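This report concerns a ligand and the protein chain around it, together with one pair of packed helices. Please look over the sequence and the structure before reading on.

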Amino acid sequence: MSGAPSFDLRGRIAVVTGGTGVLGGAMAHALAAAGARVAVLGRRADVAERVAGELTDAGGTAMALPADVLDADALDAAAATLAATWGPADVLVNAAGGNRADALVHGDATLFDLDPEAFRAVVDLNLTGTLLPTRAFARGMADGGRGSIVNVSSMAAQKPLTRVIGYAAAKAGVDNLTQWLATYAATTWGPGVRVNAIAPGFFLGEQNRALLTEADGSPTPRGRQILDHTPMGRFGAPDDLAGTLLWLASDASAFVTGVIVPVDGGYAAFGGV
Ligand SMILES: NC(=O)c1ccc[n+]([C@@H]2O[C@H](COP(=O)([O-])OP(=O)(O)OC[C@H]3O[C@@H](n4cnc5c(N)ncnc54)[C@H](OP(=O)(O)O)[C@@H]3O)[C@@H](O)[C@H]2O)c1
């Protein structure tokens with residue numbers, strides 16, 4: 001044995017896309033608490049500033065790095081700003097993503113009512129919105145032969161959820177992209193560049209709170225259905241992602257690439273009976 005594994009991220013530079021959101025914000029906090037300098041990326045510059053301020057107030061080092069994950073030029077500019085300020089990214093968390101109400105098929109609507117543009121937009125945000133930041137921020141990893149990319153998948157990826165058509169397809173694409181990139185990175189950039197994903201179970205966020213809980217906090221019928229299929233019997237809390245993220249981002253997972261780790265209270269393991 002050569003000692004305990006290191007989860008230490010001191011000296012590392014991390015970018016969190018979707019750092020202005022619920023789960024990305026929590027992941028940004030976890031990275032900062034582990035010692036990384038954290039760049040908070042999202043379209044809303046004011047929220048990125050606020051989150052970066054919270055990380056700094058908590059004793060970390062952070063900066064806002066506003067950009068749209070679908071705008072390759074803006075991402076290249078953000079990567080250049082990062083490199084000029086701190087240096088190139090060592091860790092990239094691709095947490096920007098989400099679903100849209102008009103990309104669901106539910107209620108009285110049928111597949112024939114689905115707006116193709118809504119489908120396209122959800123696939124674009126979750127899938128292309130993972131690839132483009134990777135292209136922008138992995139350049140330094142490719143040059144230096146070291147880095148960790150952590151994508152954010154979903155329980156909808158491997159077994160699609162009813163209603164959730166475009167998002168499920170997009171996150172299935174994120175799983176496949178994670179494995180493709182893992183193979184490409186290790187064989188092209190070197191074994192020190194790793195690409196993995198976290199597949200969160202059901203976490204209460206702004207996008208799904210009304211879908212999963214009533215105004216009094218009790219579960220909706222769909223929320224109840226989810227809890228009945230979650231052996232641990234609760235929704236995830238954003239901090240539940242921290243341990244898996246720090247493992248994947250740090251040298252503690254040095255021989256791990258191309259995996260998709262469920263953080264789901266047992267949902268993926270349960271057959272429903
Ligand atoms: N909550 C859950 O139960 C759950 C479960 C599984 C997976 N996930 C995944 O976890 C990730 C975070 O979800 P969340 O629940 O934290 O949602 P959220 O609070 O709505 O956060 C979404 C984030 O994505 C960013 N974003 C959206 N479009 C963007 C764009 N074009 N360019 C840059 N950033 C963009 C938003 O930032 P701006 O608005 O500032 O651009 C925001 O920071 C998503 O990938 C989601 O699919 C969530």
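The text below takes up the domains, then the shell around the ligand, and then the helix pair.

The model is predicted, and its protein chain is divided into two parts, domain 1 (13-201 + 239-256) and domain 2 (206-235). The centres of domain 1 and domain 2, taken over C-alpha atoms, are separated by 25 Å. Where does the ligand lie with respect to domain 1 and domain 2? Because domain 1 and domain 2 both give residues to the shell around the ligand, the ligand lies between them.

The ligand is surrounded by 29 residues, of which the closest are Gly21, Gly42, Arg43, Gly97 and Gly205. Two elements, α1 (22-33) and α4 (116-137), give two or more residues to this shell, and α1 gives the most, with three residues. By class, the residues of the shell around the ligand comprise 12 nonpolar, 13 polar and four charged.

Helix α4, which contributes to the shell around the ligand, also packs against helix α3 (residues 72-85). The geometry of this pair is set out in the table.

| Item for α3 and α4 | Value |
|---|---|
| Angle of packing | about 35 degrees |
| Separation of the axes | 9 Å |
| Crossing of α4 by α3 | right-handed |

On the side of α3 the residues that meet α4 are Ala72, Leu75, Asp76, Ala78 and Ala79, while α4 brings Leu132, Pro133, Ala136 and Phe137 to the contact. This contact of α3 with α4 has eight nonpolar residues, no polar residues and one charged residue.

Conventions
Residues are numbered from 1 along each chain as its sequence is written. This is a predicted model: local features need pLDDT of at least 70, side-chain atom pairs count only at pLDDT 80 or more; totals for chains, interfaces and linings use all residues. A residue is near a molecule or strand if its C-beta atom, placed from the backbone, lies within 6 Å of it. Helices (H or I, at least four residues) and strands (E, at least two) are DSSP runs, numbered from the N terminus. Ala, Val, Leu, Ile, Met, Phe, Trp, Tyr, Cys and Pro count as nonpolar, Asp, Glu, Lys and Arg as charged, and the others, Gly among them, as polar. Domain bounds come from an automatic or database domain assignment. Axes are lines fitted to C-alpha atoms, for helices over the stretch in contact, and angles run from 0 to 180 degrees between N-to-C directions. A crossing is left-handed if the near helix is turned anticlockwise from the far one by less than a right angle, and right-handed if clockwise. Two residues are in contact if their C-beta atoms, placed from the backbone, lie within 7 Å.
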